[in-house]
Amino acid sequence: MARSSSGFVAGLTAAAVAVVGFLAYQASANVPDTLGKPLAGASKVPTTKAPRDKKNPVALPTPSGRGERVVYSVDDDRVWLVDANNRTERTFQVTPGTVDPAVGTYAVTSRSKAVTGSDGTQVEHVVRFSVVDGVAIGFSSAMDGSTGSPDSTKKLGGIRETRKNGTAMWNFATIGVKVVVIR
C-alpha cells in the first residue's frame, strides 16, 4: 500500500509542477510591454529639479501633475500622497534603494501584503510601479521597523518607509493609481 500511494503522490506532484510551469509561461507571455514603464500620453514631468517653496520646503512641488497621485522626489527622498482635489493627504521621508526610477508618470502595477525584500528583509505593504534593468521599484516597510541605508553593492529597488507611512501608502496607492517621479 505504501508503494502505490508514494507513486500516486509522485505522479500528482509531477502533474502540479507541469501545471505551474505552464501557468507561469502563460503569465509571462501575456505581460504587456508597458508594464513598469512611464505611462504614454501622461503629462510631461520636468527632468530638472522641480521648484520648491522656499518658505515651506516640504510643500508639494507644483509641476507634479493633477488629481489623485503619489509624488516621489528622488532628489529629496520624499513622498506626497495627493488626493483628487490636489490636496496633500500626507508627506514623509523615505529611504531609497540603490536603483532609482526615471523621472516620469507611472501607475501602481502590483502590490503584496508581505514578502521578503530583494535585500532579504521581511517587508509589508509593497506597492510596485516600475522596473529598471530587471529590478522592481516600489515602496515598502520593513516588518522590523528599520529604514536604514541599503547595501550599495547590490541593485535594490525598494523605497523604504516607516510602518505607519507604509500603511498609509498601502491604503492610498491601489492598482492603477498614478505615481509621479520628480527630481
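1. Helices (H or I, at least four residues) and strands (E, at least two) are DSSP runs, numbered from the N terminus. With those labels in hand, let's look at one loop: aspartate 133 sits between strands S6 and S7. Its phi is near 50°, a positive value in a residue other than glycine. Aspartate 133 counts as exposed because its relative accessibility is 70%; here buried means under 20% relative accessible area, exposed over 50%, and partly exposed in between (1.4 Å probe, protein chains only).

2. A word on what you are viewing: this is a predicted model, in which local features need pLDDT of at least 70 and side-chain atom pairs count only at pLDDT 80 or more, while totals for chains, interfaces and linings use all residues. Residues are numbered from 1 along each chain as its sequence is written, and side-chain values use heavy atoms, with hydrogens and water left out.

3. How confident is the predictor? The score to read is pLDDT, the predictor's confidence in each residue, from 0 to 100. The protein chain averages 83, and 72% of the residues score at least 70. Confidence is lowest in helix H1 (residues 2–29), with a mean of 60, and highest in helix H2, at 98. Please read residues 28–32 with care: pLDDT stays under 50 there, and the model has 0 contacts beyond four places in sequence for them (a contact means heavy atoms within 4.5 Å).

4. Now to the strands around our opening loop. Two strands pair if DSSP finds at least two bridges between them. S6 and S7 are antiparallel partners with 7 bridges, and one of the matched pairs is arginine 128 with glycine 138 in S7. The hairpin they form has 2 residues between the strands, and aspartate 133 is where the positive phi appears.

5. On its other side, S6 runs antiparallel to S5, joined by 6 bridges. Alanine 114 has glutamate 124 in S6 as its bridge partner. This hairpin has 5 residues between the strands, and glycine 120 takes a positive phi near 90°.

6. Is S6 enclosed or open? S6 is largely enclosed by the rest of the structure, because 8 of its 11 residues are buried. Histidine 125 lies in this strand and counts as buried, at 6% relative accessibility. Histidine 125 also has a positive phi, near 55°, although it is a residue other than glycine.

7. Next, the interior. A nonpolar core is a set of buried Ala, Val, Leu, Ile, Met, Phe, Trp, Tyr and Cys residues joined through side-chain atoms within 4.5 Å. The largest one has 25 residues, of which Val70, Val79, Phe139 and Met169 touch the most other members. S1 (69–73), S2 (78–82), S6 (122–132), S7 (135–142), H2 (163–172) and S9 (178–182) each supply at least two residues of this core. H2 gives the most, with 4 residues. There is also a second, separate core of 5 residues, including Val71, Trp80, Val82 and Val180.

8. Try selecting valine 70 in your viewer. Beyond its neighbours within four places in sequence, its contacts include Val79, Phe139, Met169, Phe172 and Val180. Then turn to H2, whose buried residues are Asn165, Gly166, Ala168, Met169, Trp170 and Phe172. Among the elements covering them are S1, S2, S3 (88–93), S5, S6 and S7.

9. Finally, the charged pairs. Side chains of opposite charge can pair when their charged atoms come close. A salt bridge is counted when a side-chain nitrogen of Lys or Arg lies within 4 Å of a carboxyl oxygen of Asp or Glu, and the structure holds 4 of them.

10. Which parts of the chain does the pair of arginine 183 and aspartate 75 link? Arginine 183 is in the segment after S9 and aspartate 75 in the loop between S1 and S2, 108 residues apart. Their N to O distance is 3.1 Å. Both ends are partly exposed: arginine 183 has 32% relative accessibility, and aspartate 75 has 34%.

11. Arginine 160 and aspartate 119 form another salt bridge, with the closest N and O atoms 3.2 Å apart. Arginine 160 lies in S8 (158–160) and aspartate 119 in the loop between S5 (110–116) and S6, so the pair ties together parts that are 41 residues apart in sequence. Arginine 160 is buried at 11%, whereas aspartate 119 is partly exposed at 31%. In a further salt bridge, aspartate 83 meets arginine 87 at 3.7 Å, N to O; aspartate 83 is buried, with a relative accessible area of 12%.
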